[in-house]
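Here are some short questions and answers for a first look at this model.

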Amino acid sequence: METVCKVVDSNVNSQINYTQAVDILNAGEVVAFPTETVYGLGAVATNDLAVKKIFEAKGRPSDNPLIVHVGTKEEVEIYIEHISEVAKQCMDLFWPGPLTLVMPAKPNVLAKSVTAGLSTVGIRMPDHPVALALLQQLKKPLAAPSANRSGKPSPTEAVHVLDDLGGYIPYILDGGSTGIGFESTVLDVTHEPPVILRPGGITKEMLEAKIGPVIQPNKVEQKLDTTPKAPGMKYTHYAPNAPVYLIDCQLEKVREAVKQLQHEGHAVALLAPANFENSKADFYFSIGEMGSKQEMGAALYNALRACDKTTATIILATTTSTEGVGAAIMNRLEKASGGKWYSSK
């Protein structure tokens with residue numbers, strides 16, 4: 001399959017590209033498009049055959065549910081059995097934006113592949129002009145996980161999508177680099193108080209300031225025997241080719257680890273703040289200024305992907321606190337590493 005990548009910007013020709021994307025989606029195919037978090041791989045969420053093409057292209061397990069994207073708040077009642085008051089509050093306060101709400105799905109409306117057999121579904125309204133233009137012209141919901149091969153770092157640029165899915169999908173809308181750099185917060189509002197199933201750009205602190213108490217379990221990413229209620233809860237994600245190990249954000253400790261690993265014959269890639277460039281690692285990727293979690297979030301997936309372009313045999317990634325968006329960053333790092341920490345022998 002040939003993969004076509006078209007730029008959409010303020011140019012008048014962009015409308016032609018949107019029209020092509022809508023036609024492809026209506027024909028039961030998949031299209032990659034940018035959101036404010038990462039690039040998504042979309043299929044019409046009411047077409048089960050189309051949705052299954054997402055799983056095929058990504059190599060994604062079928063028991064991993066998909067998030068549904070809508071272009072307007074008004075559409076939600078078409079797909080949701082009951083919209084609670086707290087859900088309405090969240091939609092008014094945080095939509096469009098990187099907040100997915102898990103709510104009870106209406107039976108037999110969305111494709112079965114979307115919900116992975118659950119009675120609930122996650123829905124969000126993305127805050128990106130390209131995503132919104134596509135959804136509002138399509139006038140249908142899009143099931144859309146991140147547009148990468150399953151388990152790989154999520155794509156923040158169209159070229160990342162092409163690297164992973166070129167030849168697997170027909171069409172990519174290139175809207176430039178995404179903003180936040182990691183996926184939406186997933187909030188289960190079927191519970192009282194609501195539960196964060198996946199941390200993201202809308203933090204626990206931000207939610208509690210507006211809607212009251214919110215539960216954020218310490219170990220959401222545990223191995224589950226049942227079908228997970230949100231993406232990212234069961235399977236390894238965000239992993240580059242070389243194994244990733246977490247390490248405390250202390251320059252001296254990192255230097256000692258790099259020296260030990262090189263002595264063992266490893267080529268070491270380091271993901272760390274800007275002041276760690278003298279760590280003597282074979283490959284060094286800055287993830288922003290020390291303490292700047294916004295920079296770290298935006299740079300993380302790019303850095304993980306960049307490691308695959310090197311000859312590194314092991315990757316060290318420095319950690320951060322779990323306050324604010326730090327919870328989302330640590331969630332992704334723990335998934336990328338499989339929870340492994342570096343320890344000197």
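Q: Is the crossing of H4 and H8 left-handed or right-handed?
A: The model is predicted, so local features need pLDDT of at least 70 and side-chain atom pairs pLDDT 80 or more, while totals for chains, interfaces and linings use all residues. Residues are numbered from 1 along each chain as its sequence is written, and side-chain values use heavy atoms, without hydrogens and water. Helices (DSSP runs of H or I, at least four residues) and strands (E, at least two) are numbered from the N terminus. The crossing of H4 and H8 (right-handed if the near helix is turned clockwise from the far one by less than a right angle, left-handed if anticlockwise) is right-handed.

Q: At roughly what angle do the axes of H4 and H8 cross?
A: The axes are lines fitted to C-alpha atoms over the stretch in contact, with angles from 0 to 180 degrees between N-to-C directions. Those of H4 and H8 come within 11 Å and cross at roughly 115°.

Q: Which residues of H8 does H4 meet?
A: Contact means heavy atoms within 4.5 Å. From H4, Val86, Gln89, Cys90, Leu93 and Phe94 take part, and they meet Met206, Leu207, Lys210 and Ile211.

Q: Which residues of helix H4 are buried?
A: Buried means under 20% relative accessible area, exposed over 50%, and partly exposed in between (1.4 Å probe, protein chains only). Glu85 and Asp92, on the other side of H4, are exposed. The buried residues of H4 pack against H3, S5, S9 and H8, and they are Val86, Ala87, Cys90, Met91 and Phe94.

Q: With which residues is Arg255 in contact, leaving aside neighbours within four places in sequence?
A: Arg255 lies in helix H9, residues 251-263. Its relative accessibility is 30%, so Arg255 counts as partly exposed. Beyond those neighbours, Arg255 is in contact with Asn278 and Ser279.
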